[in-house]
Amino acid sequence: MKKICFVGGGNMASAMLAGLRREHPAPSCHVIEPYAPAREKLTALDVVVHAAACREAVDGADVVVLAVKPQMLKQACAELLPHLQGELIVSIAAGTRRASIARWLGADPTSARIVRTMPNTPALIGQGITGLFAPPSLSEADVATSTELMRSTGAVVRVESEAMIDAVTAVSGSGPAYVFHWIESMLAAAKGVGFTDADARTLVLATLKGATALAEASDESPAVLRERVTSKGGTTAAGLAVINERGVQQALIDAVRAARDRGAELGAMADE
């Protein structure tokens with residue numbers, strides 16, 4: 001890629017820009033950002049910043065990234081529309097369907113060069129994962145470009161239907177919040193049995209990091225790994241008995257389904 005235009009210069013756009021800057025050679029990046037304080041922060045990222053949509057920002061771009069908040073996307077598309085000439089569009093806005101974006105950009109949803117993605121916040125440190133939906137009408141070159149773009153912040157999983165983006169949002173988009181909630185709970189538990197704040201943090205984060213690394217490195221399922229830590233009648237068994245009694249696993253399953261359903265509802269609301 002030689003040039004990328006970002007519409008919006010918030011945290012996720014900044015994470016992607018930082019990732020792109022690690023490439024050799026890095027593409028030329030333009031950012032359309034009306035908010036002055038955000039423009040000031042972008043100056044450190046070696047980008048061309050525009051206060052409003054203009055042809056200069058879009059001209060020659062391999063891809064235009066819609067990186068504004070969902071509630072601002074319709075207006076952003078309206079301002080962008082006069083300057084577009086059929087460029088590839090990649091949206092990172094949660095809960096906004098391709099059909100809505102296509103309509104706002106005056107395009108045919110069945111043939112529009114629009115890719116919908118869902119990155120997550122670990123992208124801020126280059127450890128993100130993105131779900132990506134590209135319609136069958138999209139060329140392999142466009143799929144490759146959008147995939148390369150999103151790999152600037154971590155791994156990419158391509159899904160076969162747009163509905164699955166809502167599932168991606170529920171699992172990996174919202175997932176970091178579930179993990180942070182677990183960390184909060186474990187920190188409280190560790191301090192409750194006598195550890196200082198500092199020691200609790202060290203123990204909990206190292207445990208999470210180590211267990212995750214072991215799960216990644218092992219060919220065995222998490223269930224088998226769990227069983228290997230759990231001696232019959234031992235301490236781990238006592239703790240897991242409480243977790244199972246409280247229905248923690250089912251609560252997490254229900255949480256993911258609720259997040260997926262809410263994503264679908266938000267998409268339907270944007271279509272109204």
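This talk walks through one predicted model, going from its sheet to its cores, then to a few single residues and salt bridges.

Let me begin with the sheet. Eight strands, in the order E3-E2-E1-E4-E5-E6-E7-E8, make up an open sheet whose pairing is mixed. At the edges stand strand E3, residues 48–50, and strand E8, residues 154–158, each of which pairs on one side only. From one strand to the next, the twist averages 25 degrees. For those new to the subject, strands of a sheet pair through backbone hydrogen bonds, and they can do so either parallel or antiparallel.

We find both senses here. E1 pairs with E2 in the parallel sense over 5 bridges, and in that pairing Ile4 stands opposite Cys29 of E2. To get from E1 to E2 the chain passes through H1, and this β-α-β crossover is right-handed. E1 also runs parallel to E4, to which 4 bridges join it, and there Phe6 has Val65 of E4 as its bridge partner. The antiparallel sense appears between strand E6, residues 114–118, and strand E7, residues 128–133, which are joined by 3 bridges. Thr117 faces a partner in E7, and that partner is Leu132. As for H1, this helix packs on the sheet, where it touches E1, E2 and E4, and its direction makes about 165 degrees with that of E1.

Now, please keep your eye on E1 for a moment. In a regular strand the side chains alternate between the two faces of the sheet. In E1, Lys3, Cys5 and Val7 point one way while Ile4 and Phe6 point the other way, and all of them are buried. Why can we call E1 largely enclosed by the rest of the structure? We can say so because 5 of its 5 residues are buried.

That brings me to the cores. The largest nonpolar core has 27 residues, and the members that touch the most others are Ile4, Phe6, Val65, Leu149 and Met150. At least two residues of this core come from each of the following: strand E1 (3–7), helix H1 (11–21), strand E2 (28–32), strand E4 (63–66) and helix H6 (140–150). Which of these elements gives the largest share of the core? The answer is H1, with 6 residues. Apart from this core there is another, of 24 residues, and Val64, Val68, Cys77 and Ala93 are among them.

Met150 is a good residue to select on the screen. If we set aside its neighbours within four places in sequence, Met150 is in contact with Met16, Val90, Ile92, Thr117, Pro119, Thr130, Leu132 and Val156. Two of the names in that list, Thr117 and Leu132, are the ones that stand opposite each other between E6 and E7.

Helix H6 also holds Thr145. Thr145 has a relative accessible area of 19%, so it counts as buried, the cut-off being under 20%. Not counting residues up to four places away in sequence, Thr145 touches Met1, Asp62, Val63 and Leu88.

Let me turn to two residues in loops. Asp46 lies in the loop between helix H2, residues 36–42, and E3. Is Asp46 buried or exposed? With a relative accessible area of 59%, Asp46 is exposed. Most residues other than glycine have a negative phi. Asp46, although it is not a glycine, has a positive phi of about 55 degrees.

The other is Ala112, whose place is in the loop between helix H5, residues 98–104, and E6. Ala112 is buried, at 8% relative accessibility, and, again leaving out residues up to four places away in sequence, Ala112 touches Arg98, Ala102, Ala107 and Leu138.

I will finish with the salt bridges, of which the structure holds 9. In one of them the side chains of Asp166 and Arg116 meet, at 3.5 Å from N to O. This pair links distant parts of the chain, with Asp166 in helix H7, residues 163–173, and Arg116 in strand E6, 50 residues apart. Both Asp166 and Arg116 are buried. In another, Glu220 and Arg228 have their closest N and O atoms 2.7 Å apart; here Glu220 is partly exposed, at 31% relative accessibility, whereas Arg228 is exposed, at 60%.

How values were computed: Residues numbered from 1 in each chain as written. Predicted model: local features only at pLDDT ≥ 70, side-chain atom pairs only at ≥ 80, totals over all residues. Heavy atoms only, no water. Core = buried A, V, L, I, M, F, W, Y, C linked by side-chain atoms within 4.5 Å. Buried < 20%, exposed > 50% of the residue type's maximum accessible area, 1.4 Å probe, protein only. Contact = heavy atoms within 4.5 Å. Pairing = 2+ DSSP bridges. Right-handed = clockwise from strand over helix to strand, strands pointing away. Axes fitted to C-alpha atoms, helices over the stretch in contact; angles between N-to-C directions. Salt bridge = Lys/Arg side-chain N within 4 Å of Asp/Glu carboxyl O.
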